[in-house]
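Please open the model in your viewer and keep the sequence panel visible. The tour proceeds by selections, each followed by a description of what is found there.

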Amino acid sequence: MATPSKTAAIEEITTEFNDSSAAVLTEYRGLTVAQLKDLRRSLGQETKYAVVKNTLTAIAAKNAGIDAFDDQLSGPTAIAFIKGDAVAAAKSLTEFAKTNDKLVIKTGWFEGKALDQSGIAALAALESRETQLARVAAVLQAPASAAARAVEALRAKLDENGGAAAEEAPAEA
């Protein structure tokens, strides 16, 4: 029979899985407390990086309907529960792993699909959500900007021609 503290931990991890759009499973063996603090800071406010117990996490993942971590839960394990921009969090994790070889990115889960290490690297290679939205806005704004420039050019042309016609009109009269 599970103790109340283990049951509460399983419920907490299950809630984290359910509230997250993505999760990345890592092994942190050999990282110092200061390095873990730096990692948490680099992940931002919308990502929770938590050290978890493998057995409890396996139960919680199953409760949440996630099978991406089945064979990966061994050794010292921590999970990044991502509630915000998954691309930004994946970039932060991969950048941190490049400079700290003791952080091992094992596997992940994003929008209901399992990701291997290459999938997480591909996610990290995408542009951020803000950059993608800015590109879409620029594409949508381009026709309006072109129309505004055309109208301004016509107005300037009419001013040039209208000013010349106004100067000539008194001479004709």
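The stops below cover the domains, a cavity and a group of aromatic rings in this predicted model.

**First stop: the domains.** Select residues 4-126 and give them one colour; this is domain 1. Then select residues 128-165, which make up domain 2. The centres of these two domains, taken over C-alpha atoms, are 46 Å apart.

**Second stop: the cavity.** How many cavities of 30 Å³ or more does a search of the whole structure find? The search finds 1, and the space in this largest cavity is about 40 Å³. To see its lining, select Ala22, Val24, Ile82, Ala86, Ala90, Trp109, Phe110, Leu115, Ile120 and Leu123. Two or more lining residues come from each of the strands β1 (22-27) and β4 (104-110) and the helices α4 (86-99) and α5 (117-125). The lining consists of 10 nonpolar residues, with no polar and no charged ones.

**Third stop: the aromatic rings.** The whole structure contains 2 aromatic pairs. For one of them, select Phe17 and Phe81, whose rings meet edge-to-face, with 5.2 Å from centre to centre and 75° between the planes. This pair joins distant parts of the chain: Phe17 belongs to helix α1 (residues 4-19) and Phe81 to strand β3 (residues 77-82), 64 residues apart. Are Phe17 and Phe81 buried or exposed? Both Phe17 and Phe81 are buried.

**Last stop: the cluster.** Keep Phe17 and Phe81 selected and add Phe69; the three residues form one aromatic cluster.

Technical notes
Residues are numbered from 1 along each chain as its sequence is written. This is a predicted model: local features need pLDDT of at least 70, side-chain atom pairs count only at pLDDT 80 or more; totals for chains, interfaces and linings use all residues. Side-chain values use heavy atoms; hydrogens and water are left out. Domain bounds come from an automatic or database domain assignment. On a 1 Å grid over the protein atoms alone, a cavity is a set of points where a 1.4 Å probe fits but cannot get out, and a pocket is an open set with protein on both sides within 12 Å along at least five of seven lines; lining residues have an atom within 4 Å of a point. Grid points are joined across faces, edges and corners, and a volume is the space filled by probe spheres set on the points. Helices (H or I, at least four residues) and strands (E, at least two) are DSSP runs, numbered from the N terminus. Ala, Val, Leu, Ile, Met, Phe, Trp, Tyr, Cys and Pro count as nonpolar, Asp, Glu, Lys and Arg as charged, and the others, Gly among them, as polar. Rings of Phe, Tyr and Trp (its six-membered ring) pair if their centres lie within 6.5 Å; planes under 30 degrees apart count as stacked, over 60 as edge-to-face and the rest as tilted. Buried means under 20% relative accessible area, exposed over 50%, partly exposed in between (1.4 Å probe, protein chains only).
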